[in-house]
Amino acid sequence: MSSPADNVTVEPASTRKFLVLLLGSIGVVYGDIGTSPLYAFREALRPFSHDGVTQAEIVGLISLMVWTLTIIVTFKYVLFLLRADNDGEGGTLSLLALLMKKTGRYMPVLFFAGLIGAALFIGDAMITPALSVMSAVEGLKLVTPALESYVLPISAIIMVLLFAVQSRGTAAVSNFFGPITALWFLAMAWGGLLHIGDDFTILQAFNPVNAIWFITHAGFVGLIVLGAVFLTVTGAEALYADLGHFGRKPIQVAWFTLVFPSLALNYLGQGAFVLAHPEAATDPFYLMYPDWALLPIVLLATAATIIASQAVITGAFSLARQAVHLGFLPRLLIAFTSETNTGQIYVPAVNTLLFVGVLVLIFTFGDSESLATAYGISVTGAMVVTTLMAFQFLRSVWGWSAIMAGGTLVPLLLLETVFLGANLLKIHDGGWVPILLAIAIMLIMWTWTRGSQLLREKTARNDIPLDAFIRSIEKDSEHAPVRVPGTAVFLTSVGDKAPAVLLHNIKHNHVLHEKNIILTVKTTEQPYVADANRVTITKLSERFARIEVYFGFMDEPNVSKALALCKKAGLKFEIMQTSFYLGRRTLVSKANSGLPGWQDKLYIALSGLGIDPSAYFSLPANRVVEIGEQVAI
């Protein structure tokens, strides 16, 4: 399935749709990276605050920022990774699913790489809103120092409102945010143009030799500065994760026509402004605007940072849905907020997790300067993981040789590793926070994956082959259960075994329906499955049939709609005379069951977060029968 805007034609309707997606991508996809000028150059200058910074160092620093944007965002993400899509979907887990489908090699390594990348991204999704919004609101202190004590309360209120509107969906948010963000990029470009003429020496930043000179001559301070320089590319991972929301072409066009030029102009302007006014190094972004424009710019920056937060939030929603369908998380409630674009979703559990995490970070660190020291590790870590996975993508999907793939990606990997090393220096200043978040999230996903596997193995010991069960139940007429009218659908994860809920129904109720369907729902490694390939039907006997329903990991798993397709395939039954049987397991911890005791308890707690299977699979609520059993793990 192609992404929303990959097939753009000249018809007016298609043109309008493309422009809507283009504007929406500016608001959601680029909101995060668009707020980096607020703090990136300021934080990079901070290590030089005591001794002062030279002209060559400023030029080298701006050169490093511009070329970091060029190499990492333009080349890696916009031109390369946006093409490494899984039927229109992007992100770490989407790339993992694609590699699992295309190659059987290095599966454990790829699996853990995917978990690490996903965990780091979710950690980033907590830190980004807190840092971005506080950076913008702190501009009020320049308007009047009396507002300094209101920075934290205002930041918290903004977060409350932002997370409250998530249930309205990405479309509603992006339609509102797109024009504001476009105005923000224009304002940044204007601010840069105002001051590039202050010192045209700054134009030497286009020469990458100056960036290399800075790295080689800055010494240990240069390593610290590199951690701040990397702030210029925050949001690049969200750019990739949000691919399914808007499509490749709108994201690419937005980058080359508006986003990249505006960012480059603003960084050049900040550099020239500090060259001409060294005292402005304390807050070059705000100070380079005229006094009359300061308050409007602060308000616009605040709006832009709210939008920046939206980029990682929507990316986290997409990642959570992929994790659920790939079995890394329990079945969380996922609300679809668009009738036309299945990529636009709302995940209440993830929204709550991010909201609580953001508020804790805001009140724990207290200001953007402190939080900036904690930022960068999760972003650089996620980027390194994505680059490593991209190597296998080039080998398995595009068929490149190891030499070609390595020659292309090794320079990029070295650059990102240097940035990662620079950010690791900030561990004692708060950099432990994203690492702790990533470890916790990874532990959750690993516990759920491993626990589910052990549970399947444990229950499989009591399985009865379905064919043998059917033969025995139809042969032994003397002890056969009572035959009742209607159709019974038994959901099971193993289609060739007699479902436990079927066995319990016969044991306790002593009945068997006229027609019995063994239903298995399977998630493919493609994002979407066409209706023509949705169901397969196997007739087992006069009374039994097996149906396998296939959903892509980005599909809405609506079993009721899928079963309607069975009529076209010749299997007819009345939905109003059909009962759906589900097994409900109550899990209890047991020593020496395969997982440590604390992990047993974590798995049981996680299972409680999952939504009712009848709701997850969109089964008719008044026709569902649940039969419980207790399982020790």
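1. In which helix is Val151 found? In this predicted model, Val151 belongs to helix H7, which covers residues 151-164. Its relative accessibility is 5%, and because buried means under 20% relative accessible area, Val151 counts as buried.

2. The surroundings of Val151 can be described through its contacts and through one C-alpha separation. Leaving aside residues up to four places away in sequence, Val151 touches Val137, Glu138 and Lys141. Val133 lies 18 residues from Val151 along the chain, and the C-alpha atoms of Val151 and Val133 are separated by 9.7 Å.

3. For the chain as a whole, the model contains 25 helices and 8 strands. The radius of gyration is 27 Å, which agrees with the value near 26 Å that a compact globule of 633 residues would have. Along its principal axes, the C-alpha trace spans about 100 × 60 × 55 Å, and a reader may wish to keep these spans beside the radius of gyration when looking at the overall outline.

4. Burial and surface are worth reading together. Of the 633 residues, 55% count as buried, while the accessible surface of the chain comes to about 25,900 Å². Carbon and sulfur atoms account for 63% of that accessible surface.

5. Two further chain-wide values concern contacts and charges. When contacts between residues at least 6 apart in sequence are considered, 83% of them join residues at least 24 apart. The chain has 41 positive and 43 negative charges, and the mean positions of these two sets are 13 Å apart.

6. Helix H22, residues 500-509, deserves a closer look for the way its residues are divided between two faces. Its buried residues are Val501, Leu502, Asn505 and Ile506. These four cover an arc of only 135° around the axis, which puts them on the same side of H22. The general background is that an α-helix has 3.6 residues a turn, so residues three or four places apart point the same way. On the face of H22 turned away from the buried side, the exposed residues are Lys507 and His508.

7. What sign does phi of His510 take just after H22? The value is positive, at about 60°, and His510 is a residue other than glycine. His510 is placed in the loop between H22 and strand S4, the latter being residues 511-523. With a relative accessible area of 49%, His510 is partly exposed, because exposed means over 50% and buried means under 20%.

8. Ser618 is another residue other than glycine with a positive phi, here near 55°. Ser618 sits in the loop between helix H25 (613-616) and strand S8 (624-632). Its relative accessible area is 24%, so Ser618 is partly exposed.

9. Is Ser579 buried or exposed? At 16% relative accessibility, Ser579 counts as buried, and its place is in strand S7, which runs over residues 578-588. Not counting residues up to four places away in sequence, Ser579 touches Thr487, Ala488, Val489 and Arg623.

How values were computed: Residues are numbered from 1 along each chain as its sequence is written. This is a predicted model: local features need pLDDT of at least 70, side-chain atom pairs count only at pLDDT 80 or more; totals for chains, interfaces and linings use all residues. Side-chain values use heavy atoms; hydrogens and water are left out. The radius of gyration is taken over C-alpha atoms; the globule rule is 2.2 Å times the number of residues to the power 0.38. Buried means under 20% relative accessible area, exposed over 50%, partly exposed in between (1.4 Å probe, protein chains only). Contact means heavy atoms within 4.5 Å. Accessible areas come from the Shrake-Rupley method with a 1.4 Å probe; for residues, only the protein chains shown count as cover. Lys and Arg count as positive and Asp and Glu as negative; His and the chain ends are not counted. The place of a charge is taken as NZ of Lys, CZ of Arg, CG of Asp or CD of Glu. The arc is that of the directions from the helix axis to the C-beta atoms.
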